[in-house]
Amino acid sequence: ILQPVQSVNKTTDLLQLNAFFAASIEEFRFFVKAENLSSLFQDPTTKIDLDYPIMPFLIRLGITWDFFN
């Protein structure tokens, strides 16, 4: 997804990359989600708007286990 962003006095396009993996075995589910992969190689001083920095790289892990039939 490309969206315009403000970097000091100029507007640039911001690329947002996310990755998601999920696995499920009967009642058990597991997921890994990596958000904003593009922040790893973009200029860290770029802001979405004045005083709104780009979200940092984030990894979310989750599990669900159902204990009923």
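A residue counts as exposed when its relative accessible area is over 50%, as buried when that area is under 20%, and as partly exposed in between. With that yardstick in hand, take Trp65: its relative accessibility is 53%, so Trp65 counts as exposed. We will come back to this tryptophan along the way. Please keep in mind that the structure above is a predicted model.

Let us start with the whole chain. The protein has 69 residues, and buried residues make up 14% of them. Its accessible surface comes to about 5,700 Å², and carbon and sulfur atoms hold 63% of that surface. The protein contains seven strands and zero helices, so reading from the N terminus the elements run β-β-β-β-β-β-β. How much of the contact network joins residues that are far apart in sequence? Among contacts with a separation of 6 or more, 39% are between residues 24 or more positions apart.

Next comes the sheet. Three of the strands form an open sheet in the order E3-E4-E7, and their pairing is antiparallel. E3 and E7 are the edge strands, each pairing on one side only. On average, neighbouring strands of this sheet are turned by 5° against each other, if direction is ignored. As background, strands of a sheet pair through backbone hydrogen bonds, in either a parallel or an antiparallel way.

Look now at one side of E4. Strand E3, residues 19–25, runs antiparallel to E4 and is joined to E4 by seven bridges. You can follow this pairing residue by residue: Ala22 has Phe31 as its bridge partner in E4, Ser24 has Arg29, and Ile25 stands opposite Phe28. The two strands form a hairpin with two residues between them, and Glu26 in the turn has a positive phi of about 50°. On the other side of E4, the pairing with E7 is also antiparallel and extends over eight bridges. Here Phe31 appears again, standing opposite Gly62 in E7. Phe31 therefore has a partner in each direction: Ala22 and Gly62.The aromatic side chains offer another way through the fold. A search of the whole structure finds three aromatic pairs. One of them joins Phe20 and Phe31, which are stacked, at 5.9 Å centre to centre and with 25° between the planes. Because Phe20 lies in strand E3 and Phe31 in strand E4, this pair ties together parts that are eleven residues apart in sequence. Are these two rings buried or exposed? Phe20 is exposed, with a relative accessible area of 56%, while Phe31 counts as partly exposed at 29% relative accessibility.

A further pair brings us back to the tryptophan from the opening. Phe28 and Trp65 form an edge-to-face pair, at 5.2 Å centre to centre and with 70° between the planes. This pair links distant parts of the chain, with Phe28 in strand E4 and Trp65 in strand E7 (residues 58–65), 37 residues apart. Phe28 counts as partly exposed because its relative accessibility is 26%, which falls between the limits for buried and exposed. Together with Phe67, Phe28 and Trp65 form one aromatic cluster.

Finally, follow E4 to its end. Glu35 sits in this strand, which spans residues 28–35. Is Glu35 buried or exposed? Its relative accessible area is 15%, so Glu35 is buried. The side chain of Glu35 makes a polar contact of 2.9 Å with the side chain of Arg60. Beyond residues up to four places away in sequence, Glu35 touches Leu17, Asn18, Pro56, Phe57, Leu58 and Arg60.

Asn36 lies in the loop between E4 and strand E5 (47–49). Asn36 is buried too, because its relative accessible area is 8%. A polar contact of 3.0 Å joins its side chain to that of Ser38. Leaving aside neighbours within four places in sequence, the residues in contact with Asn36 include Leu15, Gln16, Ile54 and Met55. Leu17, Asn18, Pro56 and Phe57 are also among the contacts of Asn36, and these four residues appear among those that Glu35 touches.

Key
Residues are numbered from 1 along each chain as its sequence is written. This is a predicted model: local features need pLDDT of at least 70, side-chain atom pairs count only at pLDDT 80 or more; totals for chains, interfaces and linings use all residues. Side-chain values use heavy atoms; hydrogens and water are left out. Helices (H or I, at least four residues) and strands (E, at least two) are DSSP runs, numbered from the N terminus. Buried means under 20% relative accessible area, exposed over 50%, partly exposed in between (1.4 Å probe, protein chains only). A polar contact is a pair of N or O atoms within 3.5 Å; within protein, one must be able to donate a hydrogen and the other to accept it, and residues adjacent in sequence count only if both atoms are side-chain atoms. Contact means heavy atoms within 4.5 Å. Two strands pair if DSSP finds at least two bridges between them. Rings of Phe, Tyr and Trp (its six-membered ring) pair if their centres lie within 6.5 Å; planes under 30 degrees apart count as stacked, over 60 as edge-to-face and the rest as tilted. Accessible areas come from the Shrake-Rupley method with a 1.4 Å probe; for residues, only the protein chains shown count as cover. Axes are lines fitted to C-alpha atoms, for helices over the stretch in contact, and angles run from 0 to 180 degrees between N-to-C directions.
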